[in-house]
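Subject: Structure handover and notes

Dear colleague,

I am passing on the structure below, followed by some notes on what was found in it. Please read the notes with the structure open beside them.

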Amino acid sequence: MTADDEPDTPADNGASEPSESASPDTRREIRRYEAAVSAGAMGLGWANLEQAPNGAMVVVVHEVSPLGRLGQMWPVPALSTLAFAVVTRPALSAEQADVPWLISALAVAEGMDAAGEPPVHTAWPDLVVDAQDGTTRAAVRADVQLGPGKVRVAVATVRVDMSSDPDPARRERLLEAIGDQLDRRTAELAEGVAGPLAAYEKLCSTIGRNLKLRLIPRGEMRGHAAVVDPLGRLELRSATGMVERVSVNQVRAVEMLA
Amino acid sequence: MGAPPDEVARTFVQAVAWGEHHLVWEMLSSEAQRVVMGIATSRGMPEPLAARLRDGTATQAELDQFRGDLVNGFRADLLGVDVDTLEYDVEDAGLEPGTARVVLVVPVPDPVLGSGLPAASLELRQESDDWRVERLVPRHAK
């Protein structure tokens with residue numbers, strides 16, 4: 001990957017001028033910005049206005065508005081964050097619009113592992129956490145746009161906490177490793193969701209736990225997190241066998257109980 | 001002799017919160033079960049299905065669906081109530097023998113407001129030495 005060019009003037013959309021490059025290994029198209037509203041917004045703009053190809057990546061050094069799921073602010077300062085977005089065009093039906101959330105988190109966890117980072121788990125629906133102490137290491141957000149009966153485009157925004165070591169070489173390693181995993185998992189979706197979702201479950205620290213979910217707009221749901229169903233919903237089972245399925249956009253907060 | 005009314009109420013509320021749909025059903029009094037079935041049929045449940053549920057010949061999926069809906073109905077009555085902090089106050093004054101009322105109280109630390117705010121109440125009836133739930137009365141109901 002080439003080094004960033006320092007932008008001189010901001011573009012009309014509020015972002016700095018991008019520098020474009022292609023990954024030497026994957027020929028991935030990459031746009032890099034010193035500053036932008038968010039990586040996801042730039043990725044969506046690229047996808048919608050310029051037909052960004054599958055795998056196109058936007059890297060932003062300083063996000064002005066690093067919002068994740070439900071508009072929650074990413075708490076780590078920009079200089080200690082690796083923030084990027086990847087445009088994907090997965091083979092998913094409209095009913096499977098939650099799946100990109102899980103695929104994104106899975107790719108981050110697998111990419112961090114491939115890059116030699118300490119072990120991590122996914123935490124349904126949007127987090128990647130330290131396997132030892134459960135602290136948040138990364139968060140994902142999936143902006144999914146539907147076409148007739150199918151997912152037209154999904155832009156995965158990824159933010160990784162780099163505060164322990166903001167070394168630029170580590171950033172590039174992670175960027176490439178996570179991007180590669182996301183490409184691989186997205187391609188696998190053409191064969192069905194079973195394989196990627198099984199891999200997600202295997203890495204997911206939420207599965208097998210008793211949970212209290214706070215729902216939108218109100219209310220709560222409790223149960224034992226059993227599996228993720230083919231639509232990406234979390235299945236909660238009660239002691240008497242009642243099964244409830246919760247989609248990503250129904251959940252305000254997840255609390256793990258003893 | 002079974003558990004006292006406050007313990008029965010606590011178990012019932014936790015069963016509702018955790019979706020233990022068969023336990024919730026079994027904790028209802030026979031009269032409450034009859035009323036629930038009546039409400040279900042009045043709201044459009046097909047009579048053959050109601051008959052299967054009454055006879056015990058319904059499929060597991062039908063049973064799960066019906067009792068799951070029942071649990072979600074109770075959850076709606078308890079919406080916004082933090083069931084983990086509830087206190088259970090038994091009232092038996094002025095009630096007919098074999099019945100009890102348990103008030104579900106949300107504790108309030110401010111002494112000016114009193115010791116707690118009632119969120120709902122459970123009316124219980126004794127059946128075969130056990131306390132069963134007759135009805136859940138939410139705070140907003142009269």
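Helices (H or I, at least four residues) and strands (E, at least two) are taken here as DSSP runs, numbered from the N terminus. This is a predicted model, in which local features need pLDDT of at least 70 and side-chain atom pairs count only at pLDDT 80 or more, while totals for chains, interfaces and linings use all residues. Residues are numbered from 1 along each chain as its sequence is written, and chains are lettered from A, with ligands numbered from 1, in the order in which they are written.

Helix α4 of chain A, residues 194-203, contains A198(A). This residue is exposed, since 11 other C-beta atoms lie within 10 Å of A198(A) (exposed is 12 or fewer such atoms, buried 20 or more, and partly exposed in between, with C-beta atoms placed from the backbone). Between the C-alpha atoms of A198(A) and D126(A), which are 72 residues apart along the chain, the separation is 17 Å.

The largest nonpolar core (buried Ala, Val, Leu, Ile, Met, Phe, Trp, Tyr and Cys residues joined through C-beta atoms within 7 Å) has 74 residues, of which M42(A), F84(A) and V108(A) touch the most other members. Helix α2 of chain A (residues 99-114) supplies the largest share of this core, 10 residues. Both domain 1 (19-203) and domain 2 (210-257) of chain A give residues to this core, so it lies between them; the domain bounds come from an automatic or database domain assignment. Leaving aside residues up to four places away in sequence, V108(A) touches V128(A), A138(A), V140(A), V158(A) and I178(A), where contact is taken as C-beta atoms, placed from the backbone, within 7 Å. Another core, of 28 residues, lies apart from it and has M242(A), V13(B), M27(B) and L124(B) among its members.

M42(A) is also one of the buried residues of helix α1(A), and the buried residues of this helix pack against β2 (29-36), β3 (57-63), β4 (81-88), β7 (136-147) and β8 (150-161) of chain A. Just after α1(A), a positive phi of about 50 degrees is found at Q51(A).

In chain B, an open sheet of 4 strands runs in the order β1-β2-β3-β4 with antiparallel pairing (two strands pair if DSSP finds at least two bridges between them). Its edge strands, each pairing on one side only, are β1 (87-91) and β4 (130-138) of chain B. Strand β3 of chain B (residues 116-127) pairs with β4(B) over 8 bridges in the antiparallel sense, and E127(B) stands opposite D130(B) in β4(B).

Best regards

Methods
Two residues are in contact if their C-beta atoms, placed from the backbone, lie within 7 Å.
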